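This report covers aromatic contacts, a pocket and one helix. Please have the sequence and the model open while reading.

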Amino acid sequence: MKTKLCWLVLGMFVLAMLAMVVACEEPVPDEPVDEPEEPVDEPVDEPDDEEAVEFLSIVTGGTGGVYFPYGGGMSTVINRHVPYLRATAEVTGASVENTRMIAEETAELALIMNDVAFMAYNAVGDHFEDDPQPIRTVFTMYPHHYHVVVLDDTPVETIDDIRGKTVSVGAPGSGTEFKTDLVLGALGISYDEFDVVRLPFAETGDDLRDGRIDVGIWDVAAPTSSVEEITATQDIRVISFSDEEIDTITDEHPFYSRFEMEPGTYAGQDEPVVNPSVWNSVVAHADYPEDHVYDITKAIFENADHLIAIHHFAEFTTAENTMEHAVIPLHPGAVRYFEEEGYDIPDELIPPEMQ
């Protein structure tokens with residue numbers, strides 16, 4: 001009796017297990033059952049088609065100056081707010097090299113000094129004589145301070161005192177070297193009168209700090225990191241120009257102007273430093289698409305706070321300063337944006353293709 005009862009219980013257990021297996025093996029329908037869709041956040045300003053993305057090179061300068069971080073800030077703004085462009089900031093030798101890259105269409109946007117822009121557009125000077133460059137202003141950025149920097153114990157008190165010293169005049173092809181040639185030339189100081197070294201900003205700072213050169217020259221917005229780094233271990237002085245020297249320089253080169261570096265810009269700098277200043281601009285090739293330049297200009301000016309957070313000199317990046325300080329004609333895309341914003345474009349800034 002007990003044996004029969006045990007077999008009966010075992011049989012019922014087996015049947016129950018078989019039923020469960022059969023239930024689990026019911027066929028899955030060919031089409032999935034509709035599930036409620038969860039909301040998906042759409043990416044902001046993404047292109048509809050990945051093939052529509054165009055890559056954009058922004059050529060800047062060395063890592064020890066302001067061009068590179070400023071250009072990096074521009075690339076971030078463009079990537080966030082111009083959906084069909086993917087921008088990258090590139091390290092270069094700066095203004096002269098950048099101008100050539102725009103002319104050769106190996107870059108789309110360039111950060112350059114206005115003295116270089118003026119001479120390149122008008123085909124004057126040693127670098128561009130009889131070779132006009134097809135560049136147009138997109139917008140004007142900010143003014144540069146011309147830094148002539150020495151260690152505190154170096155016997156250099158005036159610009160004239162650089163004669164006989166070892167001087168870094170800037171990287172080859174840079175705006176700093178370009179400007180140094182013009183500034184010293186206007187003052188009658190020849191490269192033959194001192195030992196010329198051509199170094200990028202970071203290396204200029206290293207060699208000045210370590211005593212391998214006597215004088216370092218930077219043409220950058222102030223403060224700049226490669227000068228600040230010297231002050232962490234050494235006392236420095238930034239040499240001031242006399243009013244007579246400034247007048248001589250600006251009379252010969254009217255794209256320069258008198259500017260004062262405020263006291264306290266660098267550690268130990270207690271007095272204002274007078275120097276010949278030049279403004280800087282973003283330029284593009286004359287043939288770069290108008291719609292692209294319009295969208296880029298709009299994005300930059302509508303998100304200027306991002307650039308100001310990178311360097312306070314970006315506060316100078318305004319439409320008003322572009323109208324006042326640009327030295328070559330605007331790009332048609334920039335003209336369109338500024339006119340839409342209600343600005344009157346000076347006649348000399350209207351590009352020939354729009355006349």
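Is phenylalanine 316 buried, partly exposed or exposed? Its relative accessible area is 26%, and phenylalanine 316 therefore counts as partly exposed. The model discussed here is predicted.

## An edge-to-face pair

Phenylalanine 316 forms an aromatic pair with tryptophan 279. The ring centres are 5.8 Å apart and the planes meet at 85°, an edge-to-face arrangement. Tryptophan 279 is buried, at 11% relative accessibility, because the cut-off for buried is under 20%.

Tryptophan 279 belongs to strand S10 (residues 273-285), whereas phenylalanine 316 is in the loop between helix H10 (304-310) and helix H11 (319-325). The two residues are 37 apart in sequence, so their pairing ties together separate parts of the chain.

## Other aromatic contacts

Across the whole structure, the search finds 14 aromatic pairs. One aromatic cluster is made up of Phe139, Tyr294, Phe301, Tyr337, Phe338 and Tyr343.

Tyrosine 294, a member of that cluster, also has a charged group over its ring. This group is the charged end of arginine 336, which sits 4.0 Å from the ring centre.

## The largest pocket

The largest pocket has a volume of about 240 Å³. Its lining consists of 24 residues. Gly61, Gly62, Thr92, Ala94 and Phe201 are the ones that lie nearest the pocket centre.

Helix H5 (175-186), helix H6 (201-209) and strand S7 (215-220) are the elements that give two or more residues to this lining. The largest share comes from H6, with 3 residues. Sorted by class, the lining has 12 polar, 10 nonpolar and 2 charged residues.

## Helix H5

Helix H5, which helps to line the largest pocket, has 12 residues. From its first C-alpha to its last, H5 reaches 16 Å, close to the 16 Å expected at 1.5 Å a residue. After H5 comes glycine 188, which has a positive phi near 80°.

How many of the 12 residues of H5 are buried? The count is 10, so H5 is largely enclosed by the rest of the structure. Among the buried residues are Phe178, Leu182, Val183, Leu184 and Ala186. Glu177 and Lys179 are buried as well, as are Gly175, Thr176 and Thr180.

Terms used. Residues numbered from 1 in each chain as written. Predicted model: local features only at pLDDT ≥ 70, side-chain atom pairs only at ≥ 80, totals over all residues. Heavy atoms only, no water. Phe/Tyr/Trp six-rings, centres within 6.5 Å; stacked < 30°, edge-to-face > 60°. Helix = DSSP H or I, 4+ residues; strand = E, 2+ residues; numbered from the N terminus. Buried < 20%, exposed > 50% of the residue type's maximum accessible area, 1.4 Å probe, protein only. Lys NZ or Arg CZ within 6 Å of the ring centre and 35° of its normal. 1 Å grid on protein atoms, 1.4 Å probe; cavity = no way out; pocket = protein on both sides within 12 Å on 5 of 7 lines; lining within 4 Å. Points joined across faces, edges and corners; volume = space filled by probe spheres on them. Nonpolar A, V, L, I, M, F, W, Y, C, P; charged D, E, K, R; others polar. Expected span 1.5 Å × (residues − 1).
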